[in-house]
Amino acid sequence: MSKFWANDSSSSSNSENESDSDNSSSSESDSSVKKAGDTTNANRWVMDSDSSDDDEIRVVKSGKDRRNEAIKADETKMRNAMKVKDFNAVDDSFKKIQTVMEKQRVGGVDLPSFYIRMLCDLEDFISASLKDKAGFKKLSATNGRALNRMKLQIRKYIKGFTEQMTAFRANPVVSEDEADDDSSSSSDSDSDSDSDSDSDSDSDSDAEPKAKAKPKEAAKPKAKAKASSDSDSDSDSDSDSDESDDWGSSDSDSDSDSSDDDINTQLKGRARWVKTAVVVKEKVVKDKEGRAEKRKQDKEKRDAENAAKSKSKFLEKEATMTVALVEKNLNDIVTSRGKRGVRASDLTRQLEALCKMSIQFGPTVEIPVLMHLINSQFDQNRNIDDYMSPSVWRSCAASISRIANFLKNEPRLKLKLMDADDFLEMQMKMKEKETSKLKDKEVLIDPNTGEVEDEAQRAERLRVEAASKLSEEERFTIKAAGSMCAFMVRLEEQYTKSLQKTSPHSPEYVVRLRDEGVLLEVLSLVSHYYEKTGMNTEVAELNLLRLEHSYYKHDVIAVAVDSATKFASKFGELEALHPACLSVNAKATAVEPAKVHPAAASGKPAITADPETLSPQQIITDCASFIYAHGSEKEKVRAILCHITYHAIHDRFEEGRDLLLMSKLQDTIAISNDIPNMILFNRMMVTLGLCAFRKGKIWEAFNCLSDVASSRLRELLAQGLTKYGHDKNSEQEKAERRRQTPYHQQLNVDLIEASHLISAMLLEVPNMAKESAGGDNRKRVTSRYFRKQVEIYNRQIFTGPPENTRDHIMASTKALQAGDWRTSYEMIADLNVWQLIPGEGAKENIQKVLMENIKEQGLRTFLFTYSNNYDSLALESLVEKFDLEASQVHSIVSKLMFNRELLASWDGPTSTIVMHRVHTSKLQNLALQYSEKVAQLVESNEKLLDAQSGTYGFSDRDFSNTGGSWNNNRRGGYGGNKFNNNRRRYNNGGRGGGGRGGKGGRRNHSN
């Protein structure tokens, strides 16, 4: 045999004999031969320079030992998986252990005690995992199913080991069979929990062995073979660690076993095989949740201590507080504003405490502190999209209200805005005080009394002396760090922003709406102060805010909201009152406990009406009139739009229309490029159109609603975001979100759409019938949007029952085209949108108006559609068919004859309509079509010229010759209408001049 294939020891006879004996014994016992601490056996072919009798030691293992090692290896994997709650891995390892144990039980071998301990631990782990409901919900679906399988498997499997498990639980003692294998695991656990081992887990085993070993280390020999040389001990020790890893130390580091291997190399002969008692140390489980809770409590305690220290640093005790100290502390707080490490919430808390201490010195001292407090509260919002919390907002509103009440109760008080020079002077004074404090170390003496005084007393004395030299006007003039008008504008913005950010279907939104009464009350107080001082610009701005928060409410709602606000301010919330004081028997009588509850002794709480209180209509009128006189152009535009909307809400259509025509906003709003004003203009036009619809003015309602309701209704009313196109960047989208109307001010889209489509139906259906009958070859389109909807509805293959508002109106249109006015009315009379119209009996009134209009338009449609099928029609038959009065039918038919829309004549004696068969020639039809196209071309040219020049060049005619508005030299206006002898005629008035104005007629049309 070649020397290369020989053993790594010398060619001595001792090593050869030892090798032969080992090979023979291994063949008999059928066991594997390994080197101690070497899993790879990498050094087998390496030649060693040292030759000794202990070059290689081989261990013979029985089948039982090998099975135990396999079980322990799977058990280690299972316990590692239990730590991370990987129930799939736990299930796989347990199945492998079951397979090995079945073979061992077939051989008649007793169960090892570590296996019983593993079953006990696994049962406890499964039970604890099932009891942790919160943890079970966090498991993945795969882990959850694996846990359920383990529950059934362990319950079934441990039935055969009940006695052994019970005995082990009664006396959980480590057996001697496990002692040798547990020594390595104890070494591992010691290395994880600050072990006492002196050897490094990654120490190089090439170093020479120590001369002396500690007693503790000498007591832990391992039942493993020693490495043949020092150079190989490192890899051998790692291999031994992997093979002898015990289940009790599954979380320990395998590198720490190398230190134990170094100890075992010091033992020779029989000492290596003697069993020793092993002390198993239990790993201390750290309470992570308790430690986290303790850290949280410590942090809260430190924050409270820091807050107390910062508060005591700036504020003196109330008993020794003086005006000079208040001013000094205020200056300290203000100068620290904006510095690094100073939070706005801390400054607000300090200013609130300082406000309470300044109350005792009167409004001249308290007002400056309140002004700085308000500024600090506004500073808490760092982002433009952030808004004040309701509590902070109410605190800020209370501070402003307190200042306004001071100014109202004391007419001599005036506010003066602090400028840059005032702030610079305040900083200079602070620096001078610091310098004088450092230099002046002598005793201070009052020159008036000769007594010793401290710095606070000296500051107060100097303040009193300086105040005595001021005039009365200067004493009552307070330098304020901010403007009350600017505060109110920001307060209103914060309120509107909070409504935009709050879900409208939540109780928080309803609670937030109660603050609107508080806002209006504070606006009234601040406006009264500026009006008293003659600052009309600020008064106009504040009146516009009052107008914008009042115009959209009906007078009945406004009165109820005002009463609820006063009731809450006087008695508190209604839910907080005792039920006895709200009962019917609550009367202001003497207390009789036997009959009346004491809570009802004072009677039922109520708010008595103040005769000096102005009505909502008077408030709106006064605010708008003041803005018309003293406001800016933008404020005047918004005030007019709010005023018109207010008239429309209260069914005063004529007043709103006249105000719109006089303002000429329909001509200028389109070129103003002011998006908020455009949104408000669209809201005004829609509200005015709904008002006209409620009053039965179908033509006016259609003109007001057509431009807004035809497309992108939600976007034009700022009640939804744009859904068309993607050309807007993030900043534009944010700006659009900021312009959204709060939910309680939004208009119902279904009601607007229903009013628009019904108005278009009543105007368009007779025209469509006339065109289909061939009576007029000129196509007159009143509403292209409505015709498109009708065309879509007619193209449907199967038309089911109507489901939404639009389907009901389209079905009503089909019935009206057939002359069946009853079916047409029934389709739209019971729509749910009519319940949204405010006012008592509003639904019945709108149904009555719709019935009258449907009857009249149904008669016109019937005559246009079926006139060619009759030679004559009796008046009585039409009266009976359409349920109209004879005079009304006679009037409608006569108008059709007069306008040559119906070619017929009356037979007076018989009250019969005689039809005339007159057919136009082809040349006449072409001439009519040509004239219509020429008229359209002229109108398009005029509109193009108006857009380019900004004037109304070809339409500057006399008012009597045009359908113009109130300006005789302008075209357009509200629909180009002309009133003459109580009959409205449309004489080539054209479309409205601009904006969302109405459309004028292009023909002689009379209703």
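In the predicted model, N677 is in contact with K634, V637, R638, L641 and I669, its neighbours within four places in sequence being left aside. The residue belongs to helix α29, which covers residues 675-694. Its relative accessibility is 4%, so N677 counts as buried. Two loop residues with unusual backbone angles can be described alongside this site. D651 lies in the loop between α26 (633-649) and α27 (653-663), and K664 is placed in the loop between α27 and α28 (665-668). The phi angle of D651 is positive, near 60 degrees, although the residue is not a glycine. K664, likewise not a glycine, has a positive phi of about 60 degrees. Most residues other than glycine have a negative phi. D651 has a relative accessible area of 35% and is therefore partly exposed; K664, with a relative accessible area of 28%, is partly exposed as well.

The chain as a whole contains 40 helices and 9 strands. Of its 1007 residues, 41% are buried. Among contacts with a separation of 6 or more, 68% are made by residues 24 or more positions apart.

Nonpolar side chains tend to be buried together in soluble globular proteins. In the present model, the largest nonpolar core comprises 93 residues, and the residues with the most contacts inside it are I752, I758, M761, F786, W834, L863 and L878. Helix α33 (residues 749-773) gives the most to this core, contributing 13 residues. A second core, separate from the largest one, consists of 55 residues, including L373, W393, A397 and L413. For L863, contacts beyond four places in sequence are made with L873, L878, V893, L896 and L902.

Aromatic pairs number 12 in the model. One of them joins F862 and F882 in an edge-to-face arrangement, with 5.7 Å from centre to centre and 65 degrees between the planes. Because F862 lies in helix α37 (residues 842-866) and F882 in helix α38 (residues 875-882), this pair ties together parts that are 20 residues apart in sequence. Both F862 and F882 are buried. The ring of F882 also has a charged neighbour, as K881 lies over its face at 5.9 Å from the ring centre. A further charge and ring arrangement involves W393, one of the residues of the second core: the charged end of R512 sits over the ring of W393, 4.9 Å from the centre. Elsewhere, F94, Y115, Y157 and F161 form one aromatic cluster.

Among the strands, β1 (residues 414-417) and β4 pair in the parallel sense, with 4 bridges between them. Within this pairing, L417 has A480 of β4 as its bridge partner. Strand β4, made up of residues 477-480, has two faces that differ in coverage: I478 and A480 form the covered face, whereas T477 and K479 form the uncovered one. The bridge partner of L417 is thus found on the covered face of β4.

The loop between α32 (730-738) and α33 holds Q740. At 16% relative accessibility, this residue falls under the 20% limit and therefore counts as buried. Q740 touches Q500, A718, Q719, G720 and L721, with residues up to four places away in sequence not counted. The C-alpha atoms of Q740 and L717 are separated by 8.4 Å, the two residues being 23 residues apart along the chain.

Concerning the cysteines, the structure holds 0 disulfides. C691 is in no disulfide, and the nearest cysteine sulfur, which belongs to C704, is 9.1 Å away. That distance may be set against the criterion for a disulfide, under which the two sulfur atoms lie within 2.5 Å. C691 has a relative accessibility of 0% and so counts as buried. C355 likewise counts as buried, because its relative accessibility is 7%.

Methods
Residues numbered from 1 in each chain as written. Predicted model: local features only at pLDDT ≥ 70, side-chain atom pairs only at ≥ 80, totals over all residues. Heavy atoms only, no water. Buried < 20%, exposed > 50% of the residue type's maximum accessible area, 1.4 Å probe, protein only. Pairing = 2+ DSSP bridges. Core = buried A, V, L, I, M, F, W, Y, C linked by side-chain atoms within 4.5 Å. Contact = heavy atoms within 4.5 Å. Phe/Tyr/Trp six-rings, centres within 6.5 Å; stacked < 30°, edge-to-face > 60°. Lys NZ or Arg CZ within 6 Å of the ring centre and 35° of its normal.
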